[in-house]
Amino acid sequence: KQWYQRRVAITAGVIEEKLNSTKAANDPRDLYLGPLYPNEDYKIFGYVTNTKVKFVLLESVNHPIKDGDIKQLFQKIHNIYIHLVCNPFYNPNEPVQTSSFFHSSLTSLLRGSYTSRSIAV
């Protein structure tokens, strides 16, 4: 678990660099940041919402997923997040990972689409 946390922390800087790049400045509608930090075991991808909420996805290089499929997965995760924060009972001060709705929706999405692959969100 600490390995994932370290990689995500490193990736935060890469995300900021990508957001400040000329490509991101020219097309702010493109929320998918693409591969951020590849290594020998995992590729790390990034996605940022219009409100600057960042999603990071780790993919095993042993079971590669097409770039277009990763982008669609991020869009689906973003939709789950939108449903969560639009819920009138959602407490904005509550961490997202404690939301049973977000967790169950995300688990269902990943099990339905990526059962034979190693992927972590």
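**Figure 1. Aromatic pairs in the predicted model.** This is a predicted model, and it holds four aromatic pairs. Take Tyr-47 and Phe-55 to start with: their ring centres sit 6.1 Å apart and the planes meet at 40°, so this pair goes down as tilted. Neither ring is left out in the open: Tyr-47 is buried at 4% relative accessible area, and Phe-55 is buried too, at 9%. Phe-55 also pairs with Tyr-81, with 5.7 Å between the ring centres and 80° between the planes, so here the label is edge-to-face. That second pair ties strand S3, home of Phe-55, to helix H3 (residues 67-86), home of Tyr-81, so it joins parts that are 26 residues apart in sequence. Both partners, Phe-55 and Tyr-81, are buried. Step back a little and the ring pairs link up into a cluster made of Tyr-32, Tyr-47, Phe-55, Phe-74 and Tyr-81.

**Figure 2. The largest nonpolar core.** Stay with Phe-74 from the ring cluster and you land in the largest nonpolar core, a set of 19 residues. Which members touch the most others? They are Ile-70, Phe-74, Ile-77 and Phe-102. At least two core residues come from each of S2, S3, H3 and helix H4 (100-113). H3 gives the largest share, with seven residues. For a look at one well-connected member, pick Phe-102: leaving aside residues up to four places away in sequence, Phe-102 touches Ile-77, Ile-80, Tyr-81, Leu-84 and Val-96. Tyr-81 is a familiar face here, being one of the rings in the aromatic cluster. There is also a second, separate core of nine residues, and among its members are Leu-33, Val-48, Val-56 and Leu-58.

**Figure 3. Strand S2 with S1 and S3.** S2 (residues 42-48) pairs with S1 through three bridges and with S3 through seven. Strand S1 (residues 32-35) runs antiparallel to S2, and the two are joined by a hairpin with six residues for its connection. S2 and strand S3 (residues 54-60) are antiparallel as well. Phe-45 is a handy landmark for this view: Pro-35 has Phe-45 as its bridge partner in S2, while the bridge partner of Phe-45 in S3 is Leu-57. Elsewhere in this view, two glycines face each other, with Gly-34 opposite Gly-46 of S2. As for cover, S2 is mostly tucked away, with five of its seven residues buried.

**Figure 4. Lys-52 in the loop between S2 and S3.** Zoom in on the hairpin of S2 and S3, where five residues lie between the strands. Lys-52 sits in this loop. The backbone angle is the thing to check: Lys-52 has a positive phi of about 70°, even though this residue is not a glycine. Is Lys-52 buried or exposed? Lys-52 is exposed, with a relative accessible area of 52%.

**Figure 5. One salt bridge, from S3 to H1.** How many salt bridges does the model have? The count is one. The partners are Lys-54 and Glu-16, and their closest N and O atoms are 3.5 Å apart. Lys-54 belongs to strand S3 and Glu-16 to helix H1 (residues 2-19), so the salt bridge ties together parts that lie 38 residues apart in sequence. Lys-54 counts as partly exposed, at 36% relative accessibility, and Glu-16 is partly exposed as well, at 37%.

**Figure 6. Helix H1 from end to end.** The helix that supplies Glu-16 to the salt bridge gets a view to itself. H1 has 18 residues and spans 26 Å from first C-alpha to last, close to the 26 Å expected at 1.5 Å a residue. Which residues of H1 are buried? The buried ones are Arg-7, Thr-11, Val-14, Ile-15 and Leu-19. When you look down that list, it helps to recall that an α-helix has 3.6 residues a turn, so residues three or four places apart point the same way.

How values were computed:
Residues numbered from 1 in each chain as written. Predicted model: local features only at pLDDT ≥ 70, side-chain atom pairs only at ≥ 80, totals over all residues. Heavy atoms only, no water. Buried < 20%, exposed > 50% of the residue type's maximum accessible area, 1.4 Å probe, protein only. Helix = DSSP H or I, 4+ residues; strand = E, 2+ residues; numbered from the N terminus. Pairing = 2+ DSSP bridges. Salt bridge = Lys/Arg side-chain N within 4 Å of Asp/Glu carboxyl O. Expected span 1.5 Å × (residues − 1). Phe/Tyr/Trp six-rings, centres within 6.5 Å; stacked < 30°, edge-to-face > 60°. Core = buried A, V, L, I, M, F, W, Y, C linked by side-chain atoms within 4.5 Å. Contact = heavy atoms within 4.5 Å.
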